[in-house]
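Me: I am in my first year and still learning to read structures, so please take a close look at one part of this one and walk me through it carefully.

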Amino acid sequence: MTLVSGIAEMHHEIPVIRGFLSAAEQRELLTDLREIARIAPPFSPITGWGKPMSVRITAAGRFCWFSDRKGYRYIEAHPQTGQPFPPIPTQAMRAWRAFETRADPDCCLINHYREGARMGLHQDRDEADFSFPVVSLSLGDPALFRIGGIERSDPTRSFWLESGDVMVLSAENRLRFHGVDRIKIGESALLKTGGRLNLTLRRVAENSTSSI
Ligand SMILES: O=C(O)CCC(=O)C(=O)O
Ligand SMILES: [Mn+2]
């Protein structure tokens with residue numbers, strides 16, 4: 001693995017590249033994300049229990065993760081507009097290509113955490129080929145990220161993910177259970193209204209050839 005910039009720290013053997021995105025690159029990405037949110041407005045998926053998730057999501061690229069009472073799956077059109085999702089932003093694509101050059105991602109899931117939002121412990125296992133990583137980018141307020149093993153009951157460890165950090169879940173880390181316990185609201189000045197954005201770049205389909 002090539003570490004393009006910043007210092008890699010190992011947390012539970014998970015590579016986190018602190019400050020992968022410079023302040024200017026974070027602002028550039030945020031500008032693109034605002035445009036994406038205008039075209040593909042963030043929504044709160046409904047869990048299998050019928051409760052809306054506390055995180056609001058949207059996506060760039062071919063696929064967006066989605067959940068309703070029927071279960072969860074990847075979708076190719078925005079649930080409200082019916083339109084395809086916009087292209088993956090340049091800075092996000094750059095982050096993926098720093099770690100994976102065999103093929104581009106076909107999904108950039110965008111999670112927005114406001115005060116009180118969290119994400120329960122889960123695995124990312126709805127993608128076709130686990131030999132491709134999940135590359136995660138954090139923007140805005142810090143998140144207390146929890147990661148365990150490949151069984152739900154395995155012990156977990158927590159660390160903070162901050163604005164500009166990139167984390168790579170690959171190889172033996174790809175199927176570890178993980179989640180976000182809380183956000184430290186008001187720490188970062190990047191998002192005017194506070195909160196955190198998390199982008200996860202993924203390769204969902206076996207056969208996606210383009211990056212959009
Ligand atoms: O927000 C994060 O850091 C994790 C997000 C996540 O696990 C997911 O979207 O599947
Ligand atoms: Mn996940």
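Which loop holds Ser-22, and what can be said about the surroundings of that residue?

Reply: In this predicted model, Ser-22 is found in the loop that lies between strand S2 (14–18) and helix H1 (23–39). Ser-22 counts as partly exposed because 13 other C-beta atoms lie within 10 Å, where 12 or fewer would make a residue exposed and 20 or more would make it buried. If you follow the chain for 35 residues from Ser-22 you reach Ile-57, and the C-alpha atoms of these two residues are separated by 24 Å.

To set this loop beside another part of the model, turn to the open sheet, whose 4 strands come in the order S7-S12-S9-S10 with antiparallel pairing. Its edges are formed by strand S7 (119–122) and strand S10 (157–161), each of which pairs on one side only, and from one strand to the next the twist averages 25°. Within the sheet, strand S9 (residues 143–147) and strand S12 (residues 178–183) run antiparallel and are joined by 5 bridges, with Leu-144 standing opposite Arg-182 in S12.

S9 and S12 also appear in the shell around ligand 1, where they are among the elements that give two or more residues, together with strand S6 (107–113) and strand S13 (196–202). The residues around ligand 1 include Ala-143, Phe-145, His-178 and Val-180, as well as Leu-109, Asn-111, Asn-198 and Thr-200. By kind, the shell around ligand 1 divides into 6 nonpolar, 5 polar and 1 charged residues.

Methods
Residues are numbered from 1 along each chain as its sequence is written. Chains are lettered from A and ligands numbered from 1 in the order in which they are written. This is a predicted model: local features need pLDDT of at least 70, side-chain atom pairs count only at pLDDT 80 or more; totals for chains, interfaces and linings use all residues. Two strands pair if DSSP finds at least two bridges between them. Axes are lines fitted to C-alpha atoms, for helices over the stretch in contact, and angles run from 0 to 180 degrees between N-to-C directions. A residue is near a molecule or strand if its C-beta atom, placed from the backbone, lies within 6 Å of it. Ala, Val, Leu, Ile, Met, Phe, Trp, Tyr, Cys and Pro count as nonpolar, Asp, Glu, Lys and Arg as charged, and the others, Gly among them, as polar.
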